[in-house]
Amino acid sequence: MATGEFDLIGQYFTHKLVSRDDVIAGIGDDCAILSVPAGKQLVVTTDTMVIGVHFLADADPVDVAHKLVAVNISDIAAMGGQPAWASLALTLPNYDSGWLSAFSDSLHQQLHRYGVSLIGGDTTKGQMTLTLTLQGFVEQGKALRRCGAQAGDLIYCSGTIGDAAAGLKLLIDADKKTTEKLTENIDEESLADADKDFLIARHQRPTARIATGQALIGIASSCIDLSDGLASDLKHILNVSSRVSGVALSANIELSALPISTALQSYVSKALWPQYALAGGDDYELLFTVSAENQAQLETIMAEQGLPYSHIGEIVNVEQTEKTETQQIHYFNDKQLTSLALQGWDHFQ
Ligand SMILES: [Mg+2]
């Protein structure tokens, strides 16, 4: 780098820190010294974002920092945790003060939003790669896990899904300045600006559902945040819950119950809603299961959250489905079993 590592950290990352009593020593020594409150367990997660893989090469550093924080905090939310501390590993191809200034301002803004103190970091030179490690707390033994789903549990998700994939598609099409489209069912020209902005914001600036995750403690039997797409993420719950319980589980999903935003409804035809909602990914909503006996309690706490949520299906024993064990999710359209061929897609290819 044109300037030393210490200058870079000092200039951009050591001021505007969130002050927390549990940070005994933050940036500036060989290690941070931190106090875990009595009765709490640590939850720890790391996410890496690589240029051209997780964000577009011309992405605004404000958005990149926003998303870097949100995707990590979202993992803490999925455990029902309270985020506390972050450390940042920054690999940059060159010293770009404009980029660093915008990135660090946005990073600090997001860390303040969630009450997280930056307690350490490292910088190196190379292809732009951003790694954030987040640590948070959860009450002893109370963390939401992926492994607790049981047959009969109801499947829910928060918010709306599929928006982020549509937002990314809009950005890429604008980048390419081409009319190439995923399918001929997409009509970007007639999409209202407000809908476009909403979908793009859902991709660039997701919100981690911290309060919702915490409210689900003691109510949800399993939980995961939606990063890869509902179809993939639900399989994680099914796989690990099946393994832990020793009972092979599958899921029935009702397509007509999927929460599709009005913006996404305007963007793609109804036939494509499941593709975006189930395979799109990057929505950072919570997908969770609740036993029937906890359903009333769930309705009470979600009403307090003020966040839309949808009952989209049920967990079932594989034996009950009359289908092969290899197909873990069965899709229904207005209660009629339907076949659904979801295409994975990689926008960066
Ligand atoms: Mg996750």
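**Reading the terms in a predicted model**

Student: Why is Cys157 called buried?
Tutor: Cys157 has a relative accessible area of 0%. The term applies under 20%, so Cys157 is buried. The model is a predicted one.

Student: Why is Cys31 called exposed?
Tutor: The relative accessible area of Cys31 is 56%. Exposed requires a value over 50%, and therefore Cys31 is exposed.

Student: How many disulfides are counted?
Tutor: The count is zero. A disulfide would need a pair of cysteine sulfur atoms within 2.5 Å.

Student: Is Asp282 buried or exposed, and how do you know?
Tutor: Its relative accessibility is 19%. The limit for buried is under 20%, so Asp282 counts as buried. Asp282 lies in the loop between helix 9 (273–279) and strand 10.

Student: What makes the phi of Asp282 worth a remark?
Tutor: Phi of Asp282 is near 70 degrees, a positive value in a residue other than glycine. Asp334 also has a positive phi, near 50 degrees, and is likewise a residue other than glycine.

Student: Where is Asp334 found, and is Asp334 buried or exposed?
Tutor: Asp334 sits in the loop between strand 12 (329–333) and strand 13. With a relative accessible area of 57%, set against the cut-off of over 50%, Asp334 is therefore exposed.

Student: Why are strand 8 and strand 13 placed at the edges of their sheet?
Tutor: That sheet is open, with seven strands in the order 8-10-7-11-9-12-13 and mixed pairing. Strand 8 (220–225) and strand 13 (336–338) each have a single partner strand, so each has one side without a neighbour in the sheet. On average, neighbouring strands there are turned by 30 degrees against each other, direction ignored.

Student: What makes strand 7 and strand 11 a pair?
Tutor: Strand 7 (residues 154–158) and strand 11 (residues 309–317) share five bridges in the antiparallel sense. Pairing needs at least two bridges, so these strands pair. Tyr156 stands opposite His311 in strand 11.

Student: Which strands stand at the edges of the sheet of four strands, and why?
Tutor: This open sheet has the order 3-6-4-5, again with mixed pairing. Its edges are strand 3 (40–50) and strand 5 (117–125), because each has a single partner strand and one side is left without a neighbour in the sheet. Here the average turn between neighbouring strands is 15 degrees, direction ignored.

Student: How do you know that strand 3 pairs with strand 6?
Tutor: Eleven bridges join strand 3 to strand 6 (residues 129–139), and the two run antiparallel. At least two are required, so the strands pair. Within this pair, Gln41 has Val138 in strand 6 as its bridge partner.

Student: What describes the packing of helix 2 and helix 3?
Tutor: Helix 2 (residues 61–78) and helix 3 (residues 97–113) pack at an angle of about 35 degrees, and their axes are 8 Å apart. The crossing is right-handed. Among the residues making the contact are Val64, Leu68 and Val69 of helix 2 and Trp99, Phe103 and Leu107 of helix 3. By class, the contact has eleven nonpolar, three polar and one charged residues.

Student: Which strands do these helices lie across, and at what angles?
Tutor: Helix 2 lies across strand 3, strand 4 (82–92) and strand 6, at about 145 degrees to strand 3. Helix 3 lies across strand 4, strand 5 and strand 6, at about 170 degrees to strand 4.

Conventions: Residues numbered from 1 in each chain as written. Predicted model: local features only at pLDDT ≥ 70, side-chain atom pairs only at ≥ 80, totals over all residues. Heavy atoms only, no water. Axes fitted to C-alpha atoms, helices over the stretch in contact; angles between N-to-C directions. Left-handed = near helix turned anticlockwise from the far one by under 90°. Contact = heavy atoms within 4.5 Å. Nonpolar A, V, L, I, M, F, W, Y, C, P; charged D, E, K, R; others polar. Buried < 20%, exposed > 50% of the residue type's maximum accessible area, 1.4 Å probe, protein only.
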